[in-house]
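This report goes through a single protein, beginning with its overall architecture and then turning to a loop and to a charged part of its surface. The sequence and the structure are shown first.

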Amino acid sequence: MENLLSRITLNPEVCNGKPTIRNMRFTAAQLLELLAGGMDDDEILADYPYLEKDDIKAVLQYATHMANAKTLLKAS
């Protein structure tokens, strides 16, 4: 499972350092929004052919880690 998390990249030169999928200009948040909006894996992969099934698994695992964080910082 840790190998999946390597698909989530943080690069200050890509999308202002937001978590992205494999250093592409496609953020983890964008993928989560598609899933939350009701798209299933096959629909996402058909619409975004550069994504892979493991990218979807990785973003869900990443979101799980974020949701289980012990400390949240309040945005000012």
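## Architecture

Helices and strands are taken here as DSSP runs, with at least four residues for a helix (H or I) and at least two for a strand (E), and they are numbered from the N terminus. On that basis the predicted model contains four helices and two strands, and the order of the elements, read from the N terminus on, is α-β-β-α-α-α.

The protein has 76 residues, of which 29% count as buried. Its accessible surface comes to about 5,400 Å², and carbon and sulfur atoms account for 54% of that area. Among the contacts with a separation of 6 or more, 43% are made by residues that lie 24 or more positions apart.

## The loop between the strands

Strand β1 covers residues 8-9 and strand β2 covers residues 20-21, and C15 is found in the loop between them. The same loop between β1 and β2 is also the place of N16. As background to the backbone angles here, most residues other than glycine have a negative phi. C15, however, has a phi near 55°, a positive value in a residue other than glycine, and N16, which is not a glycine either, has a positive phi of about 55°.

Is N16 buried or exposed? Because its relative accessible area is 74%, and exposed means over 50%, N16 counts as exposed.

## A buried threonine after β2

T27 is located in the loop between β2 and α2, the latter being the helix of residues 28-36. With a relative accessible area of 9%, T27 is buried, since the cut-off for that class is under 20%.

Which residues does T27 touch, when those up to four places away in sequence are not counted? They are C15, K18, P19, T20 and I21. One of these partners, C15, is the residue described above with a positive phi, and it belongs to the loop between β1 and β2, whereas T27 itself belongs to the loop between β2 and α2.

## A negatively charged patch

On the surface, D40, D42, E43 and D47 gather in a patch of negative charge. One of the members, D47, is found in helix α3, which runs over residues 41-47. D47 counts as exposed because its relative accessibility is 52%, and the cut-off for exposed is over 50%.

Methods. Residues numbered from 1 in each chain as written. Predicted model: local features only at pLDDT ≥ 70, side-chain atom pairs only at ≥ 80, totals over all residues. Heavy atoms only, no water. Patch = residues over 30% accessible without salt bridge, like charges linked within 9 Å, V, L, I, M, F, W, Y side chains within 5 Å. Areas by Shrake-Rupley, 256 points an atom, 1.4 Å probe, with all protein chains shown as cover. Salt bridge = Lys/Arg side-chain N within 4 Å of Asp/Glu carboxyl O. Lys, Arg positive; Asp, Glu negative; His and termini not counted. Charge placed at Lys NZ, Arg CZ, Asp CG, Glu CD. Buried < 20%, exposed > 50% of the residue type's maximum accessible area, 1.4 Å probe, protein only. Contact = heavy atoms within 4.5 Å.
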